[in-house]
Amino acid sequence: MKTFLLTVAACGLLLAGTAKEPLYRDSSAPLAERVDDLLSRMTLREKLGQLSQPLYRSDDTTLDARITRGEVGSLVVAHGSALAPAERDRLQRIAVERSRLGIPVLFGFDVIHGYRTLFPIPLGIAASWNPELAEASARIAASEASACGIDLTFSPMVDVARDPRWGRISEGSGEDVLLNAVFGAALVRGYQGDDPSKQGRIGACVKHFVGYGAALGGRDYQFTELSERALRETYLPPFKACVDAGAVSVMSAFNDISGTPASANALTLDRILRKEWGFDGFVLSDWNAVTELQEHGIAADGAEAAVKALTAGVDMEMTSDLYLTTLEQSVREKRLPAALVDRAVRAVLRVKFRLGLFDRPFRSHPEPDRMLLTPEARRTARQLAAESMVLLKNDGVLPLSPDLRSITVT
């Protein structure tokens, strides 16, 4: 009987040991150990799922099943398909409770100059020369976006733009290197604070890395001809300031850089961003940019495009699905080292842990409307609008001549 009881006790201890929560779920464990533990449990398919950011569509009947299989690492929410907080948390519950490892989904959205409370466009914010007020605007935008379930904003844009014909100039701080750097860093601090996992904070994804604002003739998607000196003295410093401010993510650009597309550029994505600057967040492609490596002429098909993008340093693919559909075979055929997949997955998981998604996956405020358009937010927006106005000297245009028949306002 004594032997029997000892055996039962030993089995009980063994079962208790095996029932212990995995290390990656232990919020007190060091971040690096949590990442390594989770990565060691993942299949190749699940790893590639973490590198996939499809577009959320309310009519997508396959999304629930893909999340359950661990094939969705993040979702990009576009303005035309707004995601209600309740739906966001429903999808997150599928990821956390029904997928094999319970890895939460990251929800990204373009919070450019406010979420519900609208501030001046970034070019106007920069005209205020008030980075403290810019930081306050980003803090309010983060509070509103977080209350509605957003985890990451594709902002700030710090592309130095010196050709007024470029159509996206309004998203940044204009032609000055220092101004882009100062205001970009201020916005990162506003979005993330000292701890991006806190309630009311969201992660910042700095864009577009790099040289996007230098497109020839101001033509969007056009190529750029940039020396390394121009990169380092003009186009890279604003990104460096944002990385130093703690930005958790960087978005690669559409353009090429002197013949090598930004989304397959090892010089900028690996040597400079990671090795020189020590960036350990994740790099996200811009919309469909991995697929478009074929249009750039450096990839014969989608599989080659995916290998080149991941090898250069693009960790997560926005909207297109080449990573998920082609890289499994590329790894098995030795055209892509499995270690490079692990590098990318580590970067994505690190950010998810830093944002607190594993410990607090359901971030939406129970009453999100209470957090929107508050009196403080309205006061800040009004003050920033007033300070963004630029006083011009009247050189004889005013008063307008009574002979004018029509006026064009642009």
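## Salt bridges

A salt bridge is a side-chain nitrogen of Lys or Arg within 4 Å of a carboxyl oxygen of Asp or Glu. Arginine 335 and glutamate 333 fit this rule, with their side chains meeting at 2.7 Å, N to O. The model is a predicted one. Arginine 335 is partly exposed, at 42% relative accessibility. Glutamate 333 is partly exposed too, at 41%. Elsewhere, Arg45, Arg69, Glu71, Glu328 and Arg332 are joined into one network by salt bridges that share partners. The whole structure holds 37 salt bridges. In general, side chains of opposite charge can pair when their charged atoms come close.

Aspartate 60 pairs with arginine 66. The closest N and O atoms of this pair are 2.3 Å apart. Is the pair buried or exposed? Aspartate 60 has a relative accessibility of 12%, so it counts as buried. Arginine 66 is at 18%, and therefore counts as buried as well. The cut-off for buried is under 20%.

## A link between helices 9 and 11

Arginine 232 forms a salt bridge with glutamate 276. Their closest N and O atoms lie 3.0 Å apart. Arginine 232 sits in helix 9, and glutamate 276 in helix 11, which spans residues 266-276. The pair therefore ties together parts that are 44 residues apart in sequence. How accessible are the two partners? Arginine 232 is partly exposed, with a relative accessible area of 31%. Glutamate 276 is also partly exposed, at 40%.

## Leucine 231 in helix 9

Helix 9 covers residues 228-235, and leucine 231 is part of it. Leucine 231 has 2% relative accessibility, so it counts as buried. Which residues does leucine 231 touch, leaving out those up to four places away in sequence? The contacts are Val210, Leu226, Leu236, Pro237, Ile257 and Thr268.

Glycine 211 and leucine 231 are separated by 20 residues in sequence. In space, their C-alpha atoms are 7.3 Å apart.

## The six-strand sheet

Six strands make an open sheet with parallel pairing. Their order is 2-3-4-5-6-9. Which strands stand at the edges? They are strand 2 (74-77) and strand 9 (282-284). Each has a single partner strand, so one side of each is left without a neighbour in the sheet.

Strand 2 pairs with strand 3, residues 106-109. The pairing runs in the parallel sense over four bridges. Serine 74 has leucine 106 in strand 3 as its bridge partner.

## Cysteines

A disulfide is a covalent bond between the sulfur atoms of two cysteines. How many disulfides does the model have? The count is zero. The cut-off is a pair of cysteine sulfur atoms within 2.5 Å.

Cysteine 242 shows why no bond forms at its position: the closest cysteine sulfur, in cysteine 205, is 11 Å from its own sulfur, too far for a bond. Cysteine 242 is buried, at 0% relative accessibility. Cysteine 148 is buried too, with a relative accessible area of 7%.

Key: Residues are numbered from 1 along each chain as its sequence is written. This is a predicted model: local features need pLDDT of at least 70, side-chain atom pairs count only at pLDDT 80 or more; totals for chains, interfaces and linings use all residues. Side-chain values use heavy atoms; hydrogens and water are left out. Buried means under 20% relative accessible area, exposed over 50%, partly exposed in between (1.4 Å probe, protein chains only). Helices (H or I, at least four residues) and strands (E, at least two) are DSSP runs, numbered from the N terminus. Contact means heavy atoms within 4.5 Å. Two strands pair if DSSP finds at least two bridges between them.
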